[in-house]
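The following exchange asks what stands behind some of the terms used for a protein model. Please keep the structure in view while reading.

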Amino acid sequence: LRLTGINLLWTVHNKYNHEREHRDIALFISRILSADCTDIKVECDSAKRTIEDLFNIDNRSKVHVIPEGNYINAYQDEINRSTARKRLDVDQSSFVFVYFGQIRKYKGVEKLIQTFLNSDVRAKLLIVGNPSDDIIEHYISSKSKTDERIITELRYIPDDEVQYYLRAADVTVFPYNDILTSGSALLAMSFGRPVIAPSMGCIPELLSNQDALLYQSGQTENLKQIIKHARTREDLDSIGQENMDKAQSLSWNDIAAQTIE
């Protein structure tokens, strides 16, 4: 394509493939591709620095920061918390943490469950999503049976059911082991939810208004402290609204215009 004069713009979402398979080969190919591309697009300043260094990009002017857009109106959003909890048979008075999304090794769900089991927080933890393999599914199922605070819904969630889980949440939790960008965090923001996540990649820039809910990457004790701290906060609704406001500012029309330019 480049030999025929066609320009290539590569949107880079990750440093490596999520499962970290054949990492050296993947990195070698990524460096070749980045050299051949006319331009490269990343979602934040931190990602720009990471990709420039990792891919050995000499011409750093070819790497552009253009944010990811929101998920507002991408899914039905017609119900309130009470209706969502009634549908899911979750007690209205419970404090509810929700992990939502596909369950893969790098997303750290096993770590979240173990952290929750080691805490005495009075709350429910909903683990919602389709496990990527039988080993992860067995771990989550077996561990959840040891604690009635943990509720699982281990399946692919159809689009018309997404609103029930995000509207039932007081706080969403995304305990990534390694991440550059997070569509799940943007989805939670698009539903006006507070987000607990590690301070890595683009997350600190995306969630700069609620940095008290971010924890140090790899620090499970810090994650436990953040979970307990979130349980007693009285400003979660205002944090959720600020996240919604931030999501609304990430217009796909603006992103499209920047990408075309």
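Q: What makes the pair formed by aspartate 133 and isoleucine 135 at the start of H5 a polar contact?
A: A polar contact is a pair of N or O atoms within 3.5 Å; within protein, one must be able to donate a hydrogen and the other to accept it, and residues adjacent in sequence count only if both atoms are side-chain atoms. A side-chain oxygen of aspartate 133 comes to within 3.0 Å of the backbone nitrogen of isoleucine 135, and the pair therefore meets the distance limit of 3.5 Å. The model is predicted: local features need pLDDT of at least 70, side-chain atom pairs count only at pLDDT 80 or more, and totals for chains, interfaces and linings use all residues. Residues are numbered from 1 along each chain as its sequence is written, and side-chain values use heavy atoms, with hydrogens and water left out.

Q: Which residues of helix H5 are called buried, and which are called exposed?
A: Ile136, Ile140 and Ser144 are the buried residues of H5, which spans residues 134-144; buried means under 20% relative accessible area, exposed over 50%, and partly exposed in between (1.4 Å probe, protein chains only). Because the buried residues cover an arc of only 50° around the axis, they lie on the same side of H5; the arc is that of the directions from the helix axis to the C-beta atoms. Asp134, Ile135 and His138 are exposed on the other side of H5.

Q: What covers the buried residues of H5?
A: The cover includes helix H4 (109-117), strand E5 (124-128) and strand E6 (150-153). Helices (H or I, at least four residues) and strands (E, at least two) are DSSP runs, numbered from the N terminus.

Q: Which residues does lysine 48 touch, and what does its side chain reach?
A: Lysine 48 belongs to helix H2 (residues 45-54). Its side chain reaches the backbone oxygen of valine 63 at 2.8 Å. Not counting residues up to four places away in sequence, lysine 48 touches Val42, Arg60, Val63 and Val65, where contact means heavy atoms within 4.5 Å.

Q: How are the residues that line the largest pocket divided by class?
A: The lining has 11 nonpolar, 11 polar and six charged residues. Ala, Val, Leu, Ile, Met, Phe, Trp, Tyr, Cys and Pro count as nonpolar, Asp, Glu, Lys and Arg as charged, and the others, Gly among them, as polar. Helix H7 (residues 183-190) gives the most to this lining, with three residues.
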